[in-house]
Amino acid sequence: MDKFRAVFDFCLNHQKALGYGAVSLLTVGSERIFSAVVFKCPCNSWNMLYGLVFLLVPALILFLLGFLLSSQSWKMLTGSCAPNRLCRCPHGARFRHYLKVLGLVIVRASVAPLTWIAVALLGSRFYECAASGSSSVQAYMCKGKGDECVEKMPQVPCQSGTATSEMQDILMSLQAQSQVLGWSLIASVFILALVSTCISRCCSPVSILQLAFWKVYLEQEQQLFEQKAKDHAAKLAERNVKCFFDSTELDEFPTPSAKEWHGISSLFTFNPKKDYYSMMHKYNSSKTNTGSLRSVEEDTVPCCLGFVDGAGGIDTQGL
């Protein structure tokens with residue numbers, strides 16, 4: 001039992017890394033299936049378009065899917081152009097806040113598409129097909145070899161076992177180019193991730209132990225919120241159903257107003273003078289008598305606290 005508990009605690013503490021790992025593994029598996037089963041290079045004038053479609057379009061779909069599944073993107077968009085509200089672009093500090101959150105959403109949504117492109121380049125089949133149909137690549141690979149080489153270039157991906165030594169050398173060169181690009185992409189992503197993480201942690205306004213506590217608090221708040229929301233919704237539904245069938249008047253039932261829901265659904269800002277661990281915490285501590293949230297000039301948006309908006313009080317992806 002202790003071993004299961006240890007495994008559960010490990011998964012809970014590293015759920016973000018495990019989530020990215022699972023997404024990457026699924027992407028790798030999907031790319032292998034597409035490459036082995038679906039992809040068939042036409043070996044004619046369609047080579048370049050066909051290869052680029054298989055290399056880039058699935059990556060674009062995965063990128064858009066990452067936006068679709070991001071709770072932060074919906075936190076920014078939901079209600080921003082409601083009929084009873086003025087739809088206008090944010091400006092000033094709010095605009096900078098939106099840009100930072102959008103940057104975090106883009107980074108998280110890029111994990112799967114970059115994995116797809118990197119694995120596809122290491123496999124080299126998509127690149128071979130696309131490059132063999134490119135006029136610039138043909139001119140480079142067939143430099144000094146005559147027009148016959150250029151005419152045979154589109155056939156190179158389809159002649160891996162029966163190609164002449166000259167065409168076999170071109171095929172090996174295309175595979176080498178693809179794999180070099182793949183490893184370069186992987187190295188660049190890891191270097192960029194390391195540098196950005198180091199800069200983010202160096203500029204953190206809180207210590208590493210407070211960050212750990214912050215994440216524990218958000219997990220507990222989310223669990224309690226979901227349980228309380230279910231209980232509250234069940235009681236409200238029971239009152240309404242009971243009144244309908246019993247033909248009685250509705251009893252008073254306190255429930256949050258639309259303004260209060262909007263208050264805890266806003267994007268989080270950090271105040272160095274007061275430790276608010278979530279928008280619910282900040283709203284309950286800073287709301288005015290009218291139910292509005294006080295704006296404070298000292299509020300900032302540290303990159304290391306981007307996980308606060310991503311935590312969310314409920315699972316918004318299913319809405």
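**Close-up views of an all-helical predicted model**

**View A. Ser124 in the loop between α6 and α7.** Ser124 counts as buried, with a relative accessibility of 3%. The model shown here and in the other views is predicted. Phi of Ser124 is near 75 degrees, a positive value in a residue other than glycine. The loop that holds Ser124 joins the two helices treated in the next view, α6 and α7.

**View B. Packing of α6 against α7.** Two packed helices are described by the angle between their axes and the distance between the axes. For α6 and α7, the angle is about 75 degrees and the axes lie 5 Å apart. Angles of 65 to 115 degrees count as roughly perpendicular, and α6 and α7 are therefore roughly perpendicular to each other. On the α6 side, the residues in contact are Trp116, Ala120, Leu121 and Gly123, and they meet Arg125, Phe126 and Tyr127 of α7. Sorted by class, this contact has 5 nonpolar, 1 polar and 1 charged residues.

**View C. The largest nonpolar core and the surroundings of Phe126.** In soluble globular proteins, nonpolar side chains tend to be buried together. The largest nonpolar core of this model has 24 residues, and Phe126, Met153 and Ile170 are those with the most contacts inside it. Two or more residues of this core come from each of α3 (47-68), α6 (111-123), α7 (125-132), α8 (135-141) and α10 (165-202). A second, separate core has 13 residues, among them Val206, Leu218, Phe268 and Met279. Apart from neighbours within four places in sequence, Phe126 is in contact with Glu31, Ser35, Phe39, Gly51, Phe54, Leu55, Trp116 and Ala120. Of these, Trp116 and Ala120 belong to α6 and take part in its contact with α7.

**View D. Cys43 in the loop between α2 and α3.** Cys43 has a positive phi of about 55 degrees although it is not a glycine. The loop in which Cys43 is found follows α2 (15-38) and leads to α3. Cys43 is buried, and its relative accessible area is 4%.

**View E. The buried residues of α13.** Helix α13 spans residues 279-286, and Met279, Lys282, Tyr283 and Ser286 in this helix are buried. These four residues cover an arc of only 100 degrees around the axis, which puts them on the same side of α13. An α-helix has 3.6 residues a turn, so residues three or four places apart point the same way. The buried residues of α13 pack against α12 (258-264). Met279 is also one of the residues of the second core.

**View F. Ile264 of α12 and its contacts.** Ile264 is found in helix α12. When neighbours within four places in sequence are left aside, Ile264 is in contact with Phe225, Met279, Met280 and Tyr283. Among these partners, Met279 and Tyr283 are buried residues of α13. The C-alpha atoms of Ile264 and Ser278 are separated by 8.4 Å, with the two residues 14 apart along the chain.

**View G. The protein chain as a whole, for orientation.** The chain contains 14 helices and 0 strands. It has 319 residues, of which 29% count as buried. Among contacts between residues at least 6 apart in sequence, 69% join residues at least 24 apart.

Definitions and conventions
Residues numbered from 1 in each chain as written. Predicted model: local features only at pLDDT ≥ 70, side-chain atom pairs only at ≥ 80, totals over all residues. Heavy atoms only, no water. Core = buried A, V, L, I, M, F, W, Y, C linked by side-chain atoms within 4.5 Å. Buried < 20%, exposed > 50% of the residue type's maximum accessible area, 1.4 Å probe, protein only. Contact = heavy atoms within 4.5 Å. Axes fitted to C-alpha atoms, helices over the stretch in contact; angles between N-to-C directions. Parallel < 35°, antiparallel > 145°, perpendicular 65-115°, else oblique. Nonpolar A, V, L, I, M, F, W, Y, C, P; charged D, E, K, R; others polar. Arc of directions from axis to C-beta.
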